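Subject: Handing over a structure for you to look at

Dear colleague,

I am passing on the structure below, since you have not worked with it before. Please have it open beside this message while you read.

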2 protein chains.
Amino acid sequence: MQISSRFTIAVHVLVCIETFKNDRKVTSELLASSVNVNAVVIRRLLQQLKAAGIVNVARGSGGAEMAKPLEDITLLDIYNAVECVECGSLFHFHENPNALCPVGRNIHAVMDTRLDKIQNAMENEMKSVTIADIMSDAEKIIGSE
Amino acid sequence: MQISSRFTIAVHVLVCIETFKNDRKVTSELLASSVNVNAVVIRRLLQQLKAAGIVNVARGSGGAEMAKPLEDITLLDIYNAVECVECGSLFHFHENPNALCPVGRNIHAVMDTRLDKIQNAMENEMKSVTIADIMSDAEKIIGSE
DNA sequence: TTAGTTGTAACTATTGACATTACAACTAAT
DNA sequence: ATTAGTTGTAATGTCAATAGTTACAACTAA
């Protein structure tokens, strides 16, 4: 199972917003055309990013822009914004293990710290990369075409 | 999105196999009762673990056992055994970004190394934990009940 | 031969992701 | 005030993966 494409799409969208901000109004249509998905998918995604304080979206006049400095937005911020956070855990525990079995009633306690450490390792790595880093890579690559 | 419960169920199953190996034949029925899922789900899972060389399952006579030393089985081995590996990547990239857009045609190149680093961080953490570690925790917790 | 078990196919239900259509709400420009 | 362009969102549909269930052939050991 994989992390949904919303995450990579979100990064793509943010790079677009930053790249085109001086040239044109960055509408959901423009973003949809770059990502190659339906504009409604982009609008829903922008709502999630907006709720997380990452972007501003203007109703009516239209257009999206970054809501805070690029170096203050980490990949983890984006991940948390677009992936179901109520779930909280990266791992899915089977419900209702048999409490009459010594393994069944303790498996949660046995695994929880280990699973948390794994998830933390991933999240720490995500936290260490900002959109500023990504933009710097992107400018280099696009500039060298 | 979450990693499927097959992963935590697999660990649960391995802990059961090791815990009960001297007391009884560890059948899919027994495992199913501890995990509290259908026995067929367990059998399918055991097939995946068997294909990965982690367990042996006896047809006919019945019963599952570990196929190699506990300290040679890491959580990553289990993860790779039960999660779709063809997919390979933890992250799901949107297909067909627009090649006419400078961002669209470069987004893959921009993100790939970053995403690999994140996945590696997770896998390294998984690699550092063996079933021997988990069993040692489990024995402590179960013994102290 | 039989009882117990695994291996697997077939079918179903459920869930989440994603696509699509439609339209109300809103803003700015004219 | 009207209009054109845009966002916000509901409703609906499709698809894939997970997981539950039934059924039964294949196998082994007693």
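What follows goes through the DNA contacts, then two helices, and then one residue.

Please keep in mind throughout that this is a predicted model, and that the distances and angles below are computed from it.

Starting with DNA strand C, there are 28 residues around it, and those that come nearest are A:Ser5, B:Ser28, B:Arg43, B:Gln47 and B:Gly60. By class, this surface is made up of 13 polar, eight charged and seven nonpolar residues. Helix α3 (39-51) of chain A and helix α3 (39-51) of chain B each supply at least two residues of the surface, and α3(B) gives the most, with five residues. Looking from the side of the DNA, 63% of the atoms of strand C that lie within 4 Å of the protein belong to sugar or phosphate, while the rest belong to bases.

Individual atom pairs show both kinds of approach. A polar side-chain atom of B:Gln47 lies 2.4 Å from a phosphate oxygen of DNA strand C, and a polar side-chain atom of B:Ser28 lies 2.6 Å from a phosphate oxygen of that strand. For B:Arg44, by contrast, an N or O atom in the side chain is 3.4 Å from a base nitrogen of DNA strand C.

Turning to the helices, in chain A the axes of α4 (residues 75-82) and α5 (residues 107-127) come within 6 Å and cross at roughly 120 degrees, and α4(A) and α5(A) are therefore oblique to each other. The residues that meet are A:Leu75, A:Leu76 and A:Tyr79 from α4(A), and A:Met122, A:Glu123, A:Met126 and A:Lys127 from α5(A). By class, this contact has five nonpolar and two charged residues, with no polar ones.

In chain B, helix α4 (residues 75-82) is mostly covered, with six of its eight residues buried; these are B:Leu75, B:Leu76, B:Ile78, B:Tyr79, B:Ala81 and B:Val82. What covers the buried residues of α4(B) includes α5 of chain A, as well as α1 (6-20), α3, α5 (107-127) and α6 (131-143) of chain B.

Finally, B:Glu18 may be worth a look: this residue lies in helix α1 of chain B and is buried, because its relative accessible area is 16%, under the 20% cut-off. Leaving aside neighbours within four places in sequence, B:Glu18 is in contact with B:Met66, B:Leu70 and B:Met135.

With best wishes

How values were computed:
Residues numbered from 1 in each chain as written. Chains lettered and ligands numbered in written order. Predicted model: local features only at pLDDT ≥ 70, side-chain atom pairs only at ≥ 80, totals over all residues. Heavy atoms only, no water. Axes fitted to C-alpha atoms, helices over the stretch in contact; angles between N-to-C directions. Helix = DSSP H or I, 4+ residues; strand = E, 2+ residues; numbered from the N terminus. Parallel < 35°, antiparallel > 145°, perpendicular 65-115°, else oblique. Contact = heavy atoms within 4.5 Å. Nonpolar A, V, L, I, M, F, W, Y, C, P; charged D, E, K, R; others polar. Near = heavy atom within 4 Å. Polar contact = N/O pair within 3.5 Å; in protein donor to acceptor, adjacent residues only side chain to side chain. Buried < 20%, exposed > 50% of the residue type's maximum accessible area, 1.4 Å probe, protein only.
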